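Subject: Structure handover

Hi,

Here is the structure we talked about. Please open it alongside the notes that follow.

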Amino acid sequence: LEPLDLAVRPRDLATQQAAAAVGQGLLMGRYAAAFAGHGLIAGQVLLTAEDMVRRVLHRNAQRTLFRLLALGAVPVVNENDTVATDEIRFGDNDRLAALVAHLVHADGLVLLSDVPGLFTEPPSRPTARAIPEVTSHGDLSEVVVGRSGPVGRLGMSTTVDAALIASAADIPVERAHARDARAAMGGDEVGTVFHPTGRRAPTRLLWLAHASTPQGRLVLDPGAVAAVVQRRASLLPAGVISVEGDFSAGDPVELLDQSGRTVARGLVNFDATEMPSLLGRSTRDLARELGSAYEREVVHRDDLVLLQGNS
């Protein structure tokens, strides 16, 4: 913000993106200089959530990161805020870090900030208690997350969310003060450790669940909900009752039951304009009437992820 003489965080998206374009270059210059002092080359990798849920682009990003590491370079990853279409929010880098840790099969994730770990409430309060380790959601029952300063937004909650995303994907997480970075990465007991709580999931589906922005909603009948949730089957046109939103084939959409509860998220195979004529019909009938291109799933099971509470 400072190089552009912006005293406060801009409200409009275009100015946010302009500030990001300037800031990313300055930040990368600092990283390059810092790593050069240790004889290391740094390479910038800018990612968007939308790109990461699409199979080809996801694999390209993974190959690039692996190749940088193989060449001895240090990837410096950031969200590509200069082209982000949704509101840019400070603090999302914690979530990005959790997803990238999964993408590169990291052995662990260290989240650094200006707070020495996780507390039951803001550490400035005398009643705040440090939480040295988290082994389940139950350990967070007494944690109260509040807003950070005038620039950050819900910094603690995004950190906790990121730690839970990574630990649920079998990646241990340590949250510590930046001054304790060496100790944290050396395995010393500083800050808060989030122990792994789940198994590693397909990376692309992790991005789909935690980093994608749904462009529409499909309401399913009870049979389709059971097929998707219980049998982990693909969603067929016959099970879709109604459609909301303006989406294109390949976009992420939410899948809801008739009560309005979201049960899953997936990449849809049809445009929103095509969907009304497909509702409630079998793929066999659609293929006979409209051609073989319509003999396919609305959402294939490989492009579908169950959301929390249904997995």
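Leu26 is partly exposed, at 49% relative accessibility. Here buried means under 20% relative accessible area, exposed over 50%, and partly exposed in between (1.4 Å probe, protein chains only). Leu26 sits in helix H1. Helices (H or I, at least four residues) and strands (E, at least two) are DSSP runs, numbered from the N terminus.

This is a predicted model, where local features need pLDDT of at least 70, side-chain atom pairs count only at pLDDT 80 or more, and totals for chains, interfaces and linings use all residues. Residues are numbered from 1 along each chain as its sequence is written, and side-chain values use heavy atoms, with hydrogens and water left out.

Leu26 also joins Leu4 and Val22 in a nonpolar surface patch of about 230 Å². Patch residues have over 30% relative accessible area and no salt bridge; nonpolar side chains (Val, Leu, Ile, Met, Phe, Trp, Tyr) are joined within 5 Å, like charges within 9 Å. Areas are Shrake-Rupley values with a 1.4 Å probe, and for residues only the protein chains shown count as cover. A salt bridge puts a side-chain nitrogen of Lys or Arg within 4 Å of a carboxyl oxygen of Asp or Glu.

Next, backbone angles. Asp5 is not a glycine, yet its phi is positive, about 60°. Asp5 lies in the segment before helix H1 (13-36) and is exposed, at 72%. Asp170 has a positive phi too, near 70°. Asp170 lies in the loop between helix H5 (155-168) and strand S7 (173-177). Asp170 is partly exposed, at 40%.

Best wishes
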